[in-house]
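Me: I am new to this structure. Walk me through its hollows and its rings, and give me the reasoning each time.

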Amino acid sequence: MKKLIFSACLALFTASIGLAAEFHVAPNGDDKNPGTARKPFATIARARDAARLVPGPNTILLRPGRYFNTEPIVLDDRDSGLTIRDKTPGATAEVYGGVPVTGWEKWKGNIWRAPVPKDTPIDGAQGRRFFNLIVDGKPATMAQTPNAGSGFGGGAGRAGNTGIRVPQEWRGYDYSDAQVFTFVGANWFSEMRKALQPSPNPDGLLPIDGGSGGFGGMNDRFFLRGVLEFLDEPGEWCLKHKEGFVYYQPVSGTPDQHLIVRPTGEKLFEIRGRAPGTPARNITLENLSLIGSDFCSHWWLFGENQDAATPDPLQQGLVFGENVDGLIVKNCRILAAGHSGVWLNKHALNCVVENCLIAGAGFAGVYANGFMPGEGPFKSGAESYVNKGHRIENNFIYDC
């Protein structure tokens, strides 16, 4: 507590003489430190808490190195005016939305496995299931069949919109973590469906969820994934959450020669004002490497009773902003997002995403998502126009 008071007093003095308060963070820091250049904090969350004690605008400076997070970094209207940036040019501060996977052992052939916390019923806990694995800053490929190409099941066949029929030789496999990535209708869109039971029926029918039901449902183009027996190529991985193991076949060398991270949430930065009338204003993320967030068990085009709207639980981004005004993300590397790289949701005004590399996202690079007709507490269409004024410029968006 004394060190916290000292940190606040130092920052107050800095602000009183006309200088912006700065809080330093380093991988080898200590959250018991005062957050000075000589004695930095260890985590962004600790620096955020210290910055909230003094008037802004304040800056959090990250030293080069890697920062791993067990939960999203949450900012709100108390953090208005805050800048979080790399202390040196080049985005050498790497902020991960997850933690490293260690303890790898050889399993079969060139497939390795490592222990991970078993699934827990509380979403967001460290033992949560995960659907993305980040290897050296890129998303690995979940074990699937066929391995590549246009789909068509690799031996399984479609059984209407809510099931697939697997061949005899696959009927003893464990489908507890299985997903079906399927094209729908006339191949304009795709969805991710989850398997509804760990093993198929005696006739080989594996029930899957029905998706959003749009465009006539799934067609014959699909990939079945998340089954350990399909892990047959370098770069593929598979989770067996009930066993508490993740499996991986490295492209080169051994897993210990790579940085392998399991995500711990579907957001890395969650920036959300308390209400539309009290937005988080003028928060800046600058010159950072933001790496890795999770996907989910199923992804539908539409929600129930919604027309052409992404279901609310799927409105996710590695950088997520809602009830924000003037959010700036610039000169950043945004890599391996499970959903979108940047998601501007509902009430979001005058935001900027510029000079960023966004690669390997599971959905979009940048998505601005307002209200659908009839949604929200509005009396007119003009009144509902509350996601606007953005500048998305000079970004390189690849492989999303």
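Me: Which residues lie nearest the centre of the largest pocket?
Reply: This is a predicted model. In it, 31 residues line the largest pocket. Phe 181, Met 192, Arg 225, Ala 361 and Gly 362 lie nearest its centre. The volume of this pocket is about 840 Å³.

Me: Which elements give two or more residues to the lining of the largest pocket?
Reply: They are β12 (141–142), β17 (189–194) and β19 (218–225). With four residues, β17 gives the most. By class, the lining has 19 nonpolar, nine polar and three charged residues.

Me: How many cavities of 30 Å³ or more are there?
Reply: The count is one. The largest cavity holds about 50 Å³ of space. Strand β20 (residues 236–240) gives the most to its lining, with three residues. Among the lining residues are Trp 237, Cys 238 and Leu 239.

Me: Now the rings. What makes the pair of Trp 170 and Phe 230 edge-to-face?
Reply: There are 17 aromatic pairs in the structure. In this one, the ring centres are 5.0 Å apart, and a pair needs centres within 6.5 Å. The planes stand at 65°, and over 60 degrees counts as edge-to-face, so the name fits.

Me: Why does this pair tie together parts apart in sequence?
Reply: Trp 170 lies in the loop between β15 (163–165) and β16 (179–184), and Phe 230 in the loop between β19 and β20, so the pair links parts 60 residues apart in sequence. Both residues are buried.

Me: Why is the pair of Trp 343 and Tyr 367 called stacked?
Reply: The planes are 5° apart. Planes under 30 degrees apart count as stacked, so the term applies. The centres are 4.3 Å from each other. Trp 343 lies in strand β30 (residues 340–349) and Tyr 367 in strand β33 (residues 366–369), so the pair ties together parts 24 residues apart in sequence.

Me: Are Trp 343 and Tyr 367 buried or exposed, and how do you know?
Reply: Trp 343 has 0% relative accessibility, and buried means under 20%, so Trp 343 is buried. Tyr 367 has 25%, which falls between 20% and 50%, so Tyr 367 is partly exposed. Ring pairs also link Trp 299, Trp 343, Phe 363 and Tyr 367 into a cluster.

Me: Which charged residue lies over the face of Phe 183?
Reply: Arg 221 does, at 3.7 Å from the ring centre. Likewise, the charged end of Lys 346 sits over the ring of Phe 371, 4.8 Å from its centre.

Terms used
Residues numbered from 1 in each chain as written. Predicted model: local features only at pLDDT ≥ 70, side-chain atom pairs only at ≥ 80, totals over all residues. Heavy atoms only, no water. 1 Å grid on protein atoms, 1.4 Å probe; cavity = no way out; pocket = protein on both sides within 12 Å on 5 of 7 lines; lining within 4 Å. Points joined across faces, edges and corners; volume = space filled by probe spheres on them. Nonpolar A, V, L, I, M, F, W, Y, C, P; charged D, E, K, R; others polar. Phe/Tyr/Trp six-rings, centres within 6.5 Å; stacked < 30°, edge-to-face > 60°. Buried < 20%, exposed > 50% of the residue type's maximum accessible area, 1.4 Å probe, protein only. Lys NZ or Arg CZ within 6 Å of the ring centre and 35° of its normal.
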